[in-house]
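Thanks for making time this morning. I would like to walk you through one structure, slowly enough that anybody meeting it now can follow along on the screen.

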Amino acid sequence: MPHRHFEGKKLVVASHNKGKVREIRELLVPFGVETISAGELDLDEPEETGTTFKANAELKALAAARASGVPALADDSGLCVDGLGGEPGIYSARWAGPSKDFAIAMEKVEQELKAHKATTRAAHFTCALSLAWPDGHVETFEGYVHGSLVWPPRGQQGFGYDPVFEPDGFDITFGEMDPDAKHAMSHRADAFKQLIEVCFK
């Protein structure tokens, strides 16, 4: 199926996560695209029944595009820890519990690594980014950033697991990094570059 170019001026960001919405909004600024979040439109969050990042991103993007009548961009991302067989993976947000408290999630990862007597602290973030149109057409791209886990958490920047993730080649965590530096190299930026090449240029 041929790729589809984005021709509109308005895009729904299919997320209720303010940190994620802000990051995507900033990445879209240079393209003159007006973004509105699913939260601002009061759209329901669909149940994430997919077994992969790609499946969940597509499910969320399609639900928002169909409900709003406007193309929608959804991201499904998470932390994959080598010593935990790739967990928490697609369940990264669920590990934070109903209150979405990532201090709990980071603590759980650390405890699981100890319980598994993991010999590696290698991890990577994965991001699947899906752009869906109301007629059901979807474009999906996957990005990654590799690094290792530190303990205790460091830094107040970013969100989610950023304070325990130190990207390869750096001695600071995403939580300590200037947001612009993180945006330039993150898993979301990687997927975003691919999306821009195909759908926006």
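**Charges over rings**

Let me begin with Lys108, whose charged end sits over the ring of Trp95, 4.5 Å from its centre. Please keep in mind throughout that what you are looking at is a predicted model. There is another contact of this kind to point out, in which Arg4 lies over the face of Trp133, at 4.9 Å from the ring centre.

**Aromatic pairs**

From charges over rings I move to rings beside rings, and here a search of the whole structure finds six aromatic pairs. One of them is made by Phe31 and Phe200, whose ring centres are 5.6 Å apart and whose planes meet at 55°, so this pair counts as tilted. Phe31 belongs to the loop between helix H1, residues 18-28, and strand E2, residues 34-37, while Phe200 belongs to helix H5, so the pair ties together parts that are 169 residues apart in sequence. Are these two residues buried or exposed, or something in between? Phe31 has 30% relative accessibility and therefore counts as partly exposed, whereas Phe200, at 12%, counts as buried.

A further pair is formed by Phe102 and Tyr161, and this one is edge-to-face, with 5.3 Å from centre to centre and 80° between the planes. Because Phe102 lies in helix H3 and Tyr161 in the loop between E5 and E6, the pair ties together parts that are 59 residues apart in sequence. Tyr161 itself has a relative accessibility of 3%, and so it counts as buried. Before we leave the rings, I should add that Phe31 and Phe200 also belong with Phe6, the three forming one aromatic cluster.

**Strands E4, E5 and E6**

Now to the strands. Strand E4, residues 122-132, pairs with strand E5, residues 138-149, in the antiparallel sense, and eleven bridges hold this pairing on record. If you look for Ala132, you will find that its bridge partner in E5 is Val138. E4 and E5 form a hairpin with five residues between them, and in the turn you can pick out Gly136, which has a positive phi of about 100°.

On which strand does E5 find a further partner? That partner is strand E6, residues 165-167, which is joined to E5 by three bridges and runs antiparallel to it. Within this pairing, Ser148 has Glu166 in E6 as its bridge partner.

**The largest pocket**

Let me turn to the empty space, and in particular to the largest pocket, which holds about 820 Å³. Its lining is made of 35 residues, and those nearest its centre are Lys20, Glu48, Lys60, Ala93 and Lys100. The elements that give two or more residues to this lining are helix H2 (53-68), strand E3 (72-81) and helix H5 (187-200). Which of the elements gives the most? That is H2, with four residues. Sorted by class, the lining comprises 14 nonpolar, nine polar and twelve charged residues.

**The end of helix H3**

I will finish with Ala115, which lies in helix H3, residues 102-115. At 60% relative accessibility, Ala115 counts as exposed, since the cut-off for that word is over 50%. If you measure across to Gln194, which is 79 residues away along the chain, the C-alpha atoms of the two residues are separated by 38 Å.

Key: Residues are numbered from 1 along each chain as its sequence is written. This is a predicted model: local features need pLDDT of at least 70, side-chain atom pairs count only at pLDDT 80 or more; totals for chains, interfaces and linings use all residues. Side-chain values use heavy atoms; hydrogens and water are left out. Two strands pair if DSSP finds at least two bridges between them. On a 1 Å grid over the protein atoms alone, a cavity is a set of points where a 1.4 Å probe fits but cannot get out, and a pocket is an open set with protein on both sides within 12 Å along at least five of seven lines; lining residues have an atom within 4 Å of a point. Grid points are joined across faces, edges and corners, and a volume is the space filled by probe spheres set on the points. Ala, Val, Leu, Ile, Met, Phe, Trp, Tyr, Cys and Pro count as nonpolar, Asp, Glu, Lys and Arg as charged, and the others, Gly among them, as polar. Buried means under 20% relative accessible area, exposed over 50%, partly exposed in between (1.4 Å probe, protein chains only). Rings of Phe, Tyr and Trp (its six-membered ring) pair if their centres lie within 6.5 Å; planes under 30 degrees apart count as stacked, over 60 as edge-to-face and the rest as tilted. A charge sits over a ring if NZ of Lys or CZ of Arg is within 6 Å of the ring centre and within 35 degrees of the ring normal.
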